[in-house]
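Visitor: Please show me how to read the surroundings of a ligand in a model.

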Amino acid sequence: MRPDGERLGGKIRDRERRERSVRGERCGVEGAAIDREDVFPRDLWPKLGDLGLLGITVPERHGGAGLGYLAHTVAMTEISRASGAVGLSYVAHSNLCVNQLRLNGTAAQLERHLPKLVAGEHVGALAMSEPEAGSDIFAMQTRAERRGDEWVLNGRKTWITAGTISDLYLCFATTDPSRGILGISTFLIPRDAPGFRVVREIPKMGMKSVPMGELAFEDCRLPAEAHLGREGRGATIFNAAMELERGAILSASLGTMRRQLERCIDRARTRKQSGRPIGQFQSVSNRLAEMAVRLEASRLMIYRFADLHARGQEASTAASMAKLFVSESFHQNSVDAVRLFGAAGYAEETGLERELRDSVGGLIYSGTNDIQRNIIAHGMRLG
Ligand SMILES: Cc1cc2nc3c(=O)[nH]c(=O)nc-3n(C[C@H](O)[C@H](O)[C@H](O)COP(=O)(O)OP(=O)(O)OC[C@H]3O[C@@H](n4cnc5c(N)ncnc54)[C@H](O)[C@@H]3O)c2cc1C
């Protein structure tokens, strides 16, 4: 009886939490409270919209700030300085959804969707990964068929950032499996599309408050104008989204790394053992020096990518290098911060264990770091 009762209690708590995420009800504003409550901070979206941050790269005529990618990178860094989890939701919305819509949408699509996304009335997501297509992403099975004036989608997507609460999904499906990656197309799917449903939220170790969704399309009917970009150009849109994402998504950890380093320096100056500040022990000062080098190198790699991108130069290798190096650095710095604080670093109340949990996702999303190594090595034409 008891385990069943506990399971039921857990399910009810989960459902209440999900409903609060959809309604945007939560109490805390700082990173620790956001992590503890694990509720999507929907109320922050209109505020980010008012600050011009949700459409930072969107032209002013569509309500955006009309700034470049470097400004977007800085915004991601500063938001994640307060909360890495909010930073991740922000990137999924502003880069994966808004940027790709901005770059590929028709005038009517931009007119229809951008104002609400830019104002923070709507939340956006990108849905590519499937239960059987992760690293081998173009093996996707979600199918889109043209029936008269409509597209009909069938399939599943999984691990979609903000997937349970988004209003608009930029979703990829194959229109012609015999054409491989040339058969993939992109669709704009509103949450209320008939035949679309959120299957479940996936519980996870970190990035609490960012609801990861599994989605189902069951004879999901869409009007012809839901197609984004040219038919069969889905892989190109996806690769462009991934290049921007890899080059920049980890700027959402630069802010956290900076805060970690500031806290560690402060701790090294103030915590005394054997009558001395621990920063006077070489093993501690060496650790701090390495953390600082990783942060500085990470920043430079991300800014270099943003600069190459702004000048329209080929940047896919630079993007993969940035993704690989910055995510590994964030993870290593998070481990080092816990070590430097000793047992206090292991305690929930210090918040460093939260950042360590958050850092693990970066090793996996936007293509695992093994895949980034493959891309970098591919550029070497090893045969
Ligand atoms: C926090 C988070 C957020 C995410 N957000 C989104 C999102 O918004 N939208 C979306 O579409 N997806 C999203 N994803 C999904 C993510 O892109 C996939 O998890 C990722 O691509 C890896 O796929 P997989 O999990 O199926 O692992 P698998 O592909 O099954 O890989 C398992 C292991 O095998 C290794 N491996 C597999 N193939 C190769 C290979 N060819 N060479 C070397 N090693 C290989 C991998 O590196 C890994 O170690 C998110 C994931 C996470 C964790």
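Visitor: How far is an oxygen atom of the ligand from an N or O atom in the side chain of T368?

Guide: A polar contact is a pair of N or O atoms within 3.5 Å; within protein, one must be able to donate a hydrogen and the other to accept it, and residues adjacent in sequence count only if both atoms are side-chain atoms. For T368 the distance to a ligand oxygen is 2.6 Å. The side chain of S135 also has an N or O atom 2.6 Å from an oxygen of the ligand, and a polar side-chain atom of D370 lies 2.6 Å from a ligand oxygen.

Visitor: What should I know about the source?

Guide: This is a predicted model, where local features need pLDDT of at least 70, side-chain atom pairs count only at pLDDT 80 or more, and totals for chains, interfaces and linings use all residues. Residues are numbered from 1 along each chain as its sequence is written, and side-chain values use heavy atoms, leaving out hydrogens and water.

Visitor: Which residues come nearest to the ligand?

Guide: A residue is near if one of its heavy atoms lies within 4 Å. Of 15 around the ligand, S129, S135, T161, T368 and D370 come nearest.

Visitor: Which domains supply the shell?

Guide: Bounds come from an automatic or database domain assignment. Domain 2 (126-234) and domain 3 (250-378) each give at least three residues.
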